Structure formats: C-alpha cells, structure tokens
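I opened the model today to look up how its strands, cores and pocket fit together. My entries follow.

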Amino acid sequence: MSSAITRRSFLKTGIAAGAALYLPLSAPLFSQSESRKKSTVILIRRKDLFSKTGKIQPEVVQEMLDEALLKLTGRENIHAAWTSIINKDDMVGIKSNVWRPLPTPIEVESAIKKRLLQVGVKENNVDIDDRRVLRNPIFQKATALINVRPMRTHAWSGVGSLIKNYIMFVPRPADYHPDSCADLAAIWKLPIVKDKTRLNILVMFTPLFHGMGPHHFNPRFTWRYNGLLVGFDPVAVDAVGVQIIQAKRRLYFGEDRPINPPPKHIVLAETRHALGYANPQKIELITLGWQKDLLL
C-alpha cells in the first residue's frame, strides 16, 4: 500500500525541508517509481500486538518481524530470508537501547536472537548490548550488526533514531552533540561499525512524540502505534519514522508543531554523509498488516 501524502503536507511538518525541496508540488510523498534506485522500508503493524492486560505478545512480535523480513528480502521462507543477510559464521552484535522509560522491548531482542540461532550462528557469537559496546568482546570483533531501538523525541537531536543509536560506538558521545547532533552519520564510517549493519529495526510500538528537556518522559505523549519499521537503509527508516511522529504531533496538538530541535541529522546523513536516503522520493514504503490510523 502506498502513501498518498503530498509534498505540501510534508513541508508543513518542517522535519526535513532539505529533502522535501526535491519534490514537485502534489507529488506523492514516498516514491512510486520503479525506474530508479531507492531504499525499501517495510512498515508492519498488528492490532493484536498487546494482550488484554497490556503486555506485548512475543508470538505476535515474531510474526511481525518474520513477515517484514520476508517482504524486505523477497525470499520464500524465513530461513532463506535470514541467511540472505547473516552467515552462520558471523559474530553478531545486536545494538539495542536501554533508555529506562522506553527501552528496546525484550520481545523484539528475543525474536531477533531466536532467528540468528536458528540459522546456525553460535550462541557464544551473539550478544545484545547498548552502553557497553566498546567493552563488549562480541561487538569488538563483530562481523555483523543488527540495529534496533524505539523511536522517540530527543532534546538534543530532535529524535532518538537508528542513526543516533550508534553513538555508543564512540568513546566521547558529546563530541557529536554540536549543532543538534548534525553529524551523527559520521559515526557509521568508523571501522567498528562501517559496512557491518545487516538490518535496521525501528520499534514503533509506543513511540514518544513530544518531550521537554534531556530526560523528559511522560506516557501522555506516547500512543499504541503497534508498528515496526524495517529496512536496510537506516536513513530511510528514520525518515519514515519521523514522518509518523510529526503526523501524531499535528493530530495531538491540533496544529503544526515541528519537532524541536529539527532532526537535521537524518537529512544530513544523505546530503553530507551519503549514508542512505532521506528524500521521500527515494524511499519505497510498503505497509503491511493493520492500516487504521496509519498517519502516512
């Protein structure tokens, strides 16, 4: 299913003016072209993700991840899908996020690890970590990385994104804070991570769409979106995630209220660092599952 959002509505969000400027008025937001290179992003949602008691249902998470990866890779079964991106001899670091109010759900981490083991990766060659990655022997020797974290607003970078999730791979994260963390994508060129990322997963189960201050969290500014965004291009996945956050802000506040500071690191990841595509016309968005209140 393709988005019908126009350039005009995208501009109103104020989130990625640099990318939006490429688009002609009235064009669809995300690419419908089959003729040029672009990044594919899978958005999958399930209405039954949460149980009646509000708990994340692990079996639903596994089904969501499997279905998204099958679509992304074009393989016929889940074993073939995973072996198309991971070798059984790989040493795999799952880069998670432990921010206490909104961490990567353990159900997602477990679903990833389960499939890695099933395709033959040895258990002692897999680890999940966030803030200790520089001291973690698996991450120090990793031949493959899987990047997974929830989407949220962030006081310094606009949003906590997949691109930003690698800031723990540098000894001095504060070095990347100037200018609203504009050059976070430079981290992806460092030897410890360069060309190692096999999959990016942005968790959109209960995104945080508004906050004030460095460590602000209020559940009033979250909602059950019940989604996963999955892709090979972290920039494209982040660009779609920001669009959803902006749409939710517009709906909640009843007016256009751009994310502050603007998440410029996503646009600059394309225009300055060539990490991927933030321009919506270079993104093919495929939506699967529950379509109500898609916000796209």
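**Entry 1: β6 and its partners**

I started at Met204, whose bridge partner in β7 is Gly227. I took strands (E, at least two residues) and helices (H or I, at least four residues) as DSSP runs, numbered from the N terminus. Two strands pair if DSSP finds at least two bridges between them. β6 and β7 run antiparallel and are joined by five bridges. I then looked to the other partner, β4, which pairs with β6 in the parallel sense over seven bridges. There, Asn147 stands opposite Asn200 of β6.

How many residues of β6 are buried? I count a residue as buried under 20% relative accessible area, exposed over 50%, and partly exposed in between, with a 1.4 Å probe and protein chains only. Ten of the twelve are buried, so β6 is largely enclosed by the rest of the structure.

**Entry 2: ground rules**

This is a predicted model, so I noted its limits: local features need pLDDT of at least 70, side-chain atom pairs count only at pLDDT 80 or more, and totals for chains, interfaces and linings use all residues. Residues are numbered from 1 along each chain as its sequence is written, and side-chain values use heavy atoms, with hydrogens and water left out.

**Entry 3: the whole chain**

I found nine helices and eight strands in the chain. The chain has 296 residues, and 55% of them count as buried. For contacts, I used heavy atoms within 4.5 Å. Of the contacts in the chain with a separation of 6 or more, 71% are between residues 24 or more positions apart.

**Entry 4: β1**

I moved on to β1, residues 39-45. Six of its seven residues are buried, so I wrote it down as mostly covered. β1 pairs with β8 in the parallel sense over seven bridges. One bridge puts Ser39 with Ile283 of β8. β1 also runs antiparallel to β7 (residues 227-231), with five bridges between them. Leu43 stands opposite Leu229 in β7.

**Entry 5: the nonpolar cores**

I followed Leu229 inward. A nonpolar core is a set of buried Ala, Val, Leu, Ile, Met, Phe, Trp, Tyr and Cys residues joined through side-chain atoms within 4.5 Å. Which residues touch the most other members of the largest core? Among its 48 residues, they are Phe169, Leu229 and Ile244. At least two residues of this core come from each of β1, β4 (144-154), β6 (197-208), α8 (234-253), α9 (264-271) and β8 (283-289). α8 gives the largest share, nine residues.

I listed what Leu229 touches, not counting residues up to four places away in sequence. Its contacts include Val41, Ile42 and Leu43. They also include Ile201, Leu202 and Met204, as well as Val237, Val240 and Ile244. Apart from the largest core lies another, of 36 residues, including Met64, Leu65, Ile146 and Ile201.

**Entry 6: α9 and Ser161**

Six of the eight residues of α9 are buried, so this helix is largely enclosed by the rest of the structure. The buried ones are His265, Ile266, Val267, Leu268, Ala269 and Glu270.

His265 led me to Ser161, which touches Arg149, Asp238 and His265, leaving out residues up to four places away in sequence. Ser161 sits in the loop between β5 (158-160) and α7 (178-181). Is Ser161 buried or exposed? Ser161 counts as buried, at 0% relative accessibility.

Next I checked polar contacts: pairs of N or O atoms within 3.5 Å. Within protein, one atom must be able to donate a hydrogen and the other to accept it, and residues adjacent in sequence count only if both atoms are side-chain atoms. The Ser161 side chain reaches the backbone nitrogen of Lys164 at 3.1 Å. It reaches the backbone nitrogen of Ile163 at 3.4 Å.

**Entry 7: Pro214**

I looked up Pro214 in the loop between β6 and β7. Pro214 is partly exposed, at 42% relative accessible area. Leaving aside neighbours within four places in sequence, Pro214 is in contact with Ala155 and Trp156. Pro214 and Thr153 are 61 residues apart in sequence and 9.9 Å apart in space, C-alpha to C-alpha.
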